[in-house]
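User: I would like to learn how to read a few features of a protein model, beginning with its strands. Could you take me through them one at a time?

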Amino acid sequence: MSRVGIFGAGWVGLVTGACFAELGHEVVIRDVVPEKIEALRRGEVPFHEEQVPELLAKNAERLTFTLDVNDVADCEYLFVCVDTPPTYSGDADLSRVWTVVDELPELDGHPILVMKSTVPVGTGEKVRVGLDQRGLDHVGYASNPEFLAEGRAVRDFMSPDRIVVGAFAADDADAVSSLYASIDAPMVRTDVNSAEMIKLAANAFLMTRISFINEIANVCEATGADVVAVAKGVGLDSRLGPHFLRAGIGYGGSCFPKDSLALKQLASNSGYHFQLLSAVIEVNELQKRRVIGKLKRHLGPLRGRTIALLGLAFKPNTDDMREAPSIVLASRLLAEGADVRAWDPVVRGNDKLPGAVEIVDSVLDAVRGADAAVIVTEWPQLADLGSAEVHEAMATPLIVDGRNLLDPEATRRAGFTYEGIGRPASPSDTVPQAPPAAART
Ligand SMILES: NC(=O)c1ccc[n+]([C@@H]2O[C@H](COP(=O)([O-])OP(=O)(O)OC[C@H]3O[C@@H](n4cnc5c(N)ncnc54)[C@H](O)[C@@H]3O)[C@@H](O)[C@H]2O)c1
């Protein structure tokens with residue numbers, strides 16, 4: 001069993017650390033935020049991710065949390081799991097990666113620096129030079145991009161579709177691969193640049209599928225087809241498969257938006273205009289805003305209307321609000337003069353959400369007296385939104401289902417006006433058109 005050091009106690013670092021400890025390795029997790037490390041030492045996990053608390057507790061004797069970079073000095077592997085957010089230009093900000101390289105303590109033997117953070121192609125080559133310049137030419141380097149999805153991160157780590165390892169030296173690739181020996185998954189061994197590109201290309205392709213089905217949904221709306229049936233019929237084609245063909249209000253999260261921008265910029269910086277990716281990004285931006293048009297079609301001007309946003313996290317089973325569509329939607333609704341009330345089972349507030357958004361404790365509190373309920377995140381708790389209790393509570397029984405979670409027919413039978421994404425809409429005259437009294441003053 002090996003001794004593994006991890007830089008970054010975020011989603012990727014903690015999941016990687018917890019899972020390596022579960023596989024029997026000794027793990028030291030280092031972060032720079034004292035509150036995070038103190039919380040972890042107390043057994044508290046700083047974010048919502050299934051199975052992580054249990055794995056950390058179960059393997060506590062093999063896990064150390066530290067602020068001190070010297071505590072990783074005797075590790076054979078040094079995993080870089082720091083954040084790589086977008087800069088103003090859209091390029092990935094690698095400042096935290098460089099801080100890690102600059103801070104590495106005295107290292108003996110032949111430890112390997114393993115890049116799990118998502119980085120532009122060419123980063124590994126630059127880090128290799130940086131290590132050599134620091135006199136750390138005895139430190140190996142490998143790229144081992146991470147493909148886990150939040151909400152199912154432990155499952156993804158333990159049962160991945162593939163493990164990608166790119167290294168400059170075959171021995172280093174062998175060593176990194178051996179860490180995963182007990183995981184049954186195809187191993188893709190490649191050069192460092194290609195490993196970096198695999199991660200960016202995989203994310204870009206998933207986003208392309210989302211924007212593609214969202215555009216098909218928009219054409220379905222204009223032509224009377226139902227995108228749910230269309231996606232099923234398309235996805236059963238074995239050349240295409242069913243994944244990431246769910247129409248909705250667009251992708252968000254900590255990875256897709258920033259990684260698409262970073263790949264677009266990487267291409268531009270190399271003199272190539274990545275037209276398809278530019279369109280994917282633009283379609284996604286427009287998709288988030290289409291909900292406003294749907295609300296106006298039924299309610300007229302939104303000024304003075306109360307809109308319930310159901311779900312704030314960028315997807316279910318996480319409390320991650322990074323680039324969540326709810327932030328754009330809330331801001332747009334407030335700009336239209338609406339009152340915004342929001343519910344989420346795990347997000348209790350966020351500094352990115354406009355302060356005027358009222359966050360309440362239950363779905364019923366959110367919809368009480370509301371003129372419309374918008375499903376923003378497909379939390380399972382919303383599956384029975386079309387209930388008599390909700391109908392009774394709302395001022396106007398209008399549901400805009402941004403994730404196609406509900407059965408349109410059953411919801412309409414229950415007395416609601418229902419709008420999904422890419423599905424035949426309810427007639428627009430089923431909801432009173434007059435603006436409420438507050439808006440007329
Ligand atoms: N979140 C995901 O679903 C996901 C999936 C695959 C890949 N990735 C990539 O993995 C990387 C990390 O993502 P994340 O979501 O875990 O980020 P995160 O923001 O949740 O965590 C990053 C952590 O690194 C810490 N950190 C910053 N500088 C440090 C330093 N010098 N030493 C030690 N710790 C330091 C931060 O304090 C933070 O706790 C990113 O490049 C991301 O694109 C993320």
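Analyst: This is a predicted model, and one term is needed before we begin: a residue is called buried when its relative accessible area is under 20%. A general idea also helps, namely that in a regular strand the side chains alternate between the two faces of the sheet.

User: Which residues of strand S13 are buried on one side, and which on the other?

Analyst: Strand S13 spans residues 398–401, with Leu 398 and Val 400 buried on one side and Ile 399 and Asp 401 buried on the other, and both faces of the strand are thus covered.

User: Which strands pair with S13, and in what sense?

Analyst: Strand S12 (residues 372–375) pairs with S13 in the parallel sense over three bridges, and within this pair Ile 375 stands opposite Asp 401. Between these two strands the chain passes through helix H14 (residues 388–393), making a right-handed β-α-β crossover. S13 also pairs in the parallel sense with strand S14 (residues 417–419), again over three bridges, where Val 400 has Glu 419 as its bridge partner. Here the chain crosses from S13 to S14 through helix H15 (residues 408–413), and this β-α-β crossover, too, is right-handed.

User: What is the order of the strands in the open sheet, and which strands are at its edges?

Analyst: The sheet consists of six strands with parallel pairing, in the order S11-S10-S9-S12-S13-S14. Its edge strands are S11 (358–359) and S14, each of which pairs on one side only. Elsewhere in the sheet, strand S9 (residues 306–310) and strand S10 (residues 339–343) pair in the parallel sense over five bridges, and Ile 307 has Val 340 as its bridge partner in S10.

User: Turning to a helix, which residues of H4 are buried, and why are they on the same side?

Analyst: In H4 (residues 95–103), the residues Val 97, Val 100 and Val 101 are buried. They are on the same side of H4 because they cover an arc of only 95° around the axis. Among the elements that cover the buried residues of H4 are strands S1 (3–7), S4 (77–80) and S5 (112–115), together with helix H5 (123–133).

User: Which residues come nearest to the ligand?

Analyst: There are 29 residues around the ligand, and those that come nearest are Asp 31, Lys 36, Thr 84, Glu 150 and Lys 258. An N or O atom in the side chain of Lys 36 is 2.6 Å from an oxygen atom of the ligand, and a polar side-chain atom of Thr 84 also lies 2.6 Å from a ligand oxygen atom. Thr 118 contributes through its backbone, where a polar atom is 2.9 Å from an oxygen atom of the ligand.

Methods: Residues numbered from 1 in each chain as written. Predicted model: local features only at pLDDT ≥ 70, side-chain atom pairs only at ≥ 80, totals over all residues. Heavy atoms only, no water. Buried < 20%, exposed > 50% of the residue type's maximum accessible area, 1.4 Å probe, protein only. Helix = DSSP H or I, 4+ residues; strand = E, 2+ residues; numbered from the N terminus. Pairing = 2+ DSSP bridges. Right-handed = clockwise from strand over helix to strand, strands pointing away. Arc of directions from axis to C-beta. Contact = heavy atoms within 4.5 Å. Near = heavy atom within 4 Å. Polar contact = N/O pair within 3.5 Å; in protein donor to acceptor, adjacent residues only side chain to side chain.
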